[in-house]
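Welcome, and please load the model in your viewer. This tour goes stop by stop, telling you what to select and what is there.

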Amino acid sequence: MKMVLEDHLKNQPFLQQYINNNDKVMEFFDYPVNDEGLLRRYKEVRNRSYQRSELIKSLISFNKRFTDSPATYSQIARLEDKNSVVVVGGQQAGLLTGPVYTINKIFSILHEAKAIENKLNIPVVPIFWIAGEDHDVDEINHIYLHRGQRSRKFNLRERNDIKRPASDRIISAEKGRAFIKEAFQYLQETPFTKDLYLTLLEDVKEDCTYVEWFATIIHRLFNGTGLVLMDAHDQGIREIERPYFKEMVTNNDRLRSAFYEGAKGFQEAGFGEPIEIDEKNAHLFIHDQGQRFLLEKEGMFFKEKNGANKWMEEEILQKLNQNSLQLSNNVVTRPVMQDKLLPVITFIAGPGELKYWGTLRRVFHTLQINMPLILPRVHLTFISRRIEKNLAWIGMEASEVSKAALTEQKELWLDANTPSNMEGAFERARKELEATTEKLAYSFPTLGKGASAVHSKYEAILKKGLIQYEKQLSSFILHENKTALNKYDEVEVELIPDGNLQERYINIYSFLNLYGDDLVTRVYNQLKEEDTLLGKHVYIYL
């Protein structure tokens, strides 16, 4: 296995400005991206208090359902130390872990936790936040696998009109096993296929939720790394969060105003609108009969968006006290809740996340806290041995392919390997055929209209035959070049499938099937030796 690290900032101006601490960008964040910012953030976290004992109990309770790895529980226990902090990042609970960027984000969390611990000589716990409260099943119910020159989508059909959180949404054993069978019938048979297949079938021998299956697989892939998983919809976590929800309800007018002002300022600075600006949005969801509904604030009332139910602030607070009502966060309040709950020194963000965090500084300040230091996750591309050989044959680097499709290069190659005189030869033949048939027509002037009809008929047959001849000869050349053209298609489907970056599309099981279920830990063991992954795109030649 070989790793090539390249800077990837040129095509991401906002990220480049952020990493370089550009003044215009940094006015939307609390800490600079450097050692000074890290130390300032640590001092703030060190002076705050957290419900550490309750947090430890909840994390142990959740993780023990999916792993018995001593490394994970050793990390959880370190949260008792008031000097300890966490590096956190999160994602939805995608099927079979979803696109590769989920794996990449965990690599970044683990790497950064180790780097900060070495730098500050304090306990740093790596936590992956599973967005179990998320109800948009269309974002998590499918995967893309690739083989040869094609990628294919596999999904579990679900009703998206039912707004049930992923932590509560059941995958039946029957549907789960059928999904695995269909996906693995598509994959190439390798020495690793059978074990991967049987392990996944064992995962769904009984009904499970999206979050349960996700956590099972993640803990298996990252076994021994010390990774700690946390489900945002876990009831133990919800109990710890109750006073923070009260705070968000009580201060909702100020919170909404803070977001509106911050988001408008971000937009006016020329950085876009990463989160929809809606003054009525209360940035909280209410759970009712197993479903999740966005709340709006209108005057004295909180009400379901597009619904009839509404509540006074006092009524919501009373129900929270009685534990007869459940709330969850949206994209604006989740970061704040995360910071209230965990001693976060650093948050690991994807490119889109970094921008939406830029709208939230005023929201944090409204609740008397600062934003954590935010670091962009590593970008990572897996390159199979076959694709490495194809790249060498084509004469391009993986980084070049990641920036654009190969359509132009493929056409240039085909032009170079098609007889250069073919088009001209057929054009001459068409002209000669027209001259010959015209000459024939004038050779028999006394035969009348009947002969003219015969001439026209066979002139059309000859012209059509010449067209078919050219088409079949082109198809023959294309077929003869098919093996070479397939190399271009195979490179595209692995590195930039359907015009997308690999990490945003392909599932990790395409690569586990080729290189084994220990691939993830082998990659991490190499990545952790790198001093920094900040602003890097890592190309992994397998």
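Two strands count as paired here if DSSP finds at least two bridges between them. Helices (H or I, at least four residues) and strands (E, at least two) are DSSP runs, numbered from the N terminus. Before you start, note that this is a predicted model, in which local features need pLDDT of at least 70 and side-chain atom pairs count only at pLDDT 80 or more, while totals for chains, interfaces and linings use all residues. Residues are numbered from 1 along each chain as its sequence is written, and side-chain values use heavy atoms, with hydrogens and water left out.

**Stop 1: the whole chain.** Show everything as a cartoon. You should find 23 helices and 17 strands, with the C-alpha atoms filling a box of roughly 110 × 55 × 55 Å along the principal axes. Of the 542 residues, 52% are buried (buried means under 20% relative accessible area, exposed over 50%, partly exposed in between, with a 1.4 Å probe and protein chains only).

**Stop 2: β9, β10 and β11.** Select 281-288 and 291-298, which are β9 and β10. These two strands pair in the antiparallel sense over five bridges. Add side chains for His287 and Arg292, which stand opposite each other. The β9-β10 hairpin has two residues between its strands, and Gln289 there takes a positive phi near 50°.

Now extend the selection to 301-304, strand β11, which runs antiparallel to β10 and is joined to it by four bridges. Here Lys297 stands opposite Phe302. The hairpin of β10 and β11 also has two residues between the strands, with Gly299 at a positive phi near 60°. Is β10 enclosed or open to the outside? Six of its eight residues are buried, so β10 is largely enclosed by the rest of the structure.

**Stop 3: the parallel sheet.** Next, pick out the open sheet of five strands, ordered β8-β3-β2-β14-β15 with parallel pairing. The edges are β8 (228-231) and β15 (373-376); each has a single partner strand, so one side of each is left without a neighbour in the sheet. On average, neighbouring strands are turned by 30° against each other, direction ignored. Zoom in on β14 (residues 344-349), which runs parallel to β15 and is joined to it by four bridges; Ala349 has Pro376 in β15 as its bridge partner.

**Stop 4: the largest pocket.** A pocket is an open set of points on a 1 Å grid over the protein atoms alone, where a 1.4 Å probe fits, with protein on both sides within 12 Å along at least five of seven lines; lining residues have an atom within 4 Å of a point. The largest one holds about 1,400 Å³ of space, a volume being the space filled by probe spheres set on the points, which are joined across faces, edges and corners. Which residues are closest to its centre? Select Gln92, Asp134, Asp136, Glu139 and Val331, from a lining of 49 residues.

Several elements each supply at least two lining residues, including β2 (85-91), β9 and β10. The helix α14 gives the most, with four residues.

**Stop 5: Glu239.** Finish in helix α10 (residues 235-250), where Glu239 lies. This residue is partly exposed, with a relative accessible area of 42%. Draw a distance from its C-alpha atom to that of Leu55: the two residues are 184 apart along the chain, with 9.9 Å between these atoms.

Definitions and conventions:
Axes are lines fitted to C-alpha atoms, for helices over the stretch in contact, and angles run from 0 to 180 degrees between N-to-C directions.
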